Amino acid sequence: MENKIWTLCVLVLVIYCSLVAAVDERPRWWTEEEEGGKEDDKWPFLLQDSKHVVKTDAGDMRLVRGFATKFVRSPIHIGFIRMEPTSLFIPHYLDSSLILFIHSGEAKIGHMDNDELVEKSLKRGDIYRIKAGSVFYLVNTEEGQRLNVICSIDTSDSLEWHTIQSFFVAGGTYPASVLAGFDHSTLSAAFNVSEAELGKMLMRQSHGPIVHLSDSCSPNVWSKFLDMDHHHKVAHMKRTAHINKQENVQVQKPKWSIRKLLFSIFGKAGEKMGSETTPDSYNIFDRTPNFKNDYGWSTALDGSDYAPLQHEDVGVYLVNLSAGSMMAPHMNPRATEYGIVLRGSGYIQIVYPNGSLAMKAKVKEGNVFWVPRYFPFCQIASGTGPFEFFGFTTSARDNKPQFLVGANSLLHAMRGPELEEAFEMSKDRLEGIIDAQRESVILPARPEEVDGSGEETVGTMIMSLGNEMVMQFD
């Protein structure tokens, strides 16, 4: 009996050391510098490198950087734009393409497409693309509601790995217009106006990249210009193109210079709201879910549904899990996935290729996470309410997620003697486990798993293994 106990202790110690090594094993790209020493930062799958790139009284833009190393850049960053009621994000362009998602509120966006000024009205759930280098402005048209926009930011054309560059074509002392960088005599000749007149135009704005449109808070020029209907905007822009130098000197109203600037930057504007080649926005809430059952629903959007996604090779998805349910363990064979929690709270579990747990993190509204291509993972809603998350994938094709558990899992399709041999289980016992779950894709979850009280530790795993081994020795 003593020999059995001694043997059991040795086996338990060996198993403990093996489990600790497996749990602590990190991928080759992991370094101590990336760990940062903080508990919240010990896994790279929660994106917490966030900073404001724009911040004024009228709104802000926050950038959450995607995971990157010294040798590999993240394919996308995640941006959050918040704008107060009746405010304007002034005309500018970026060195990165954007896929916009209107989380809440309503907006009007104006941008250049094929040398024409295109204006679109956007509402909650709309998705819209702005290509890199396209001058655009964004307006919160609501008087009593904030505008919240989530966007994917393509890094393939960006000048730097870890940020984006904004080029403001309109501005003044804050922000400075890119036009102000040119030699004044050169710019005066280009505009065919005096340097004094240029000075009035390039020094007036001092309220920042996002400005209020009310007369008491911002330059009158923006309010008046945006209040015009599209036909009158085009007419004014065309008319100012033919004003000669003498007439320019006599004009004192600031609205002339802004219109002149817009025409000079935007070029020829069409008589219509946009060219026929410019796609409309796509509302993800109007789409029938790709999957739905009693435990939730999921919707995926790719380039075959909304053509502009093909340009950036980006997909879009939206998932809503009811309280206590889970998205079954699965992996993405075509794309890396980025997710943003829109509502509620839950858990994200990600697994390393060696079969060890990479992360089990509780997430809440506003958190951003990412899952590398091929890595198995699942999302679990807490028991307190629905868990809703939206995100982007790095492929505009149908992602075709492969489910590892559930009625539609790979194990069902692969059942046979080979699978039985791989698990070293009898056919009846293996099929009893595989067939126990009748649901697919979105599954009911056990309450203890939802609330975290059922989280297994290495110690509890050792105890359970030890108990089973004692029973076998007896």
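This is a short chat about strands, aromatic rings and backbone oddities in a predicted model.

User: Before we start, what kind of model is this?
Analyst: It's a predicted model, where local features need pLDDT of at least 70, side-chain atom pairs count only at pLDDT 80 or more, and totals for chains, interfaces and linings use all residues. Residues are numbered from 1 along each chain as its sequence is written, and side-chain values use heavy atoms, with hydrogens and water left out.

User: OK, strand 4: is it enclosed or open?
Analyst: Strand 4 covers residues 87-94, and 7 of its 8 residues are buried, so it is largely enclosed by the rest of the structure. Buried means under 20% relative accessible area, exposed over 50%, and partly exposed in between (1.4 Å probe, protein chains only). Strands are DSSP runs of E with at least two residues, helices are runs of H or I with at least four, and both are numbered from the N terminus.

User: Which strands does strand 4 pair with?
Analyst: Strand 9 (residues 136-140) is antiparallel to it, with 4 bridges. Strand 12 (residues 210-212) also pairs in the antiparallel sense, over 3 bridges, and strand 11 (residues 166-168) runs antiparallel with 3 bridges too. Pairing here takes at least two DSSP bridges between the strands.

User: And what sits across from Phe89?
Analyst: Leu138 is its bridge partner in strand 9, and Ile210 is its partner in strand 12.

User: Switching to rings, how many aromatic pairs are there?
Analyst: A search of the whole structure finds 14. One of them is Phe67 with Trp370, which is stacked at 5.2 Å centre to centre and 15° between the planes. Phe67 lies in the loop between strand 2 (59-64) and strand 3 (76-83) and Trp370 in strand 21 (residues 368-371), so the pair ties together parts that are 303 residues apart in sequence. Rings of Phe, Tyr and Trp (its six-membered ring) pair if their centres lie within 6.5 Å; planes under 30 degrees apart count as stacked, over 60 as edge-to-face and the rest as tilted.

User: Are those two buried or exposed?
Analyst: Phe67 is buried at 17% relative accessible area, and Trp370 is buried at 8%.

User: Any odd backbone? Which peptide bond is cis?
Analyst: The one from Tyr174 to Pro175, with omega near -10°. Pro175 is in the loop between strand 11 and helix 3 (184-191).

User: What about the phi of Glu424?
Analyst: Glu424 has a positive phi of about 55° although it is not a glycine. Glu424 counts as exposed, at 74% relative accessibility.
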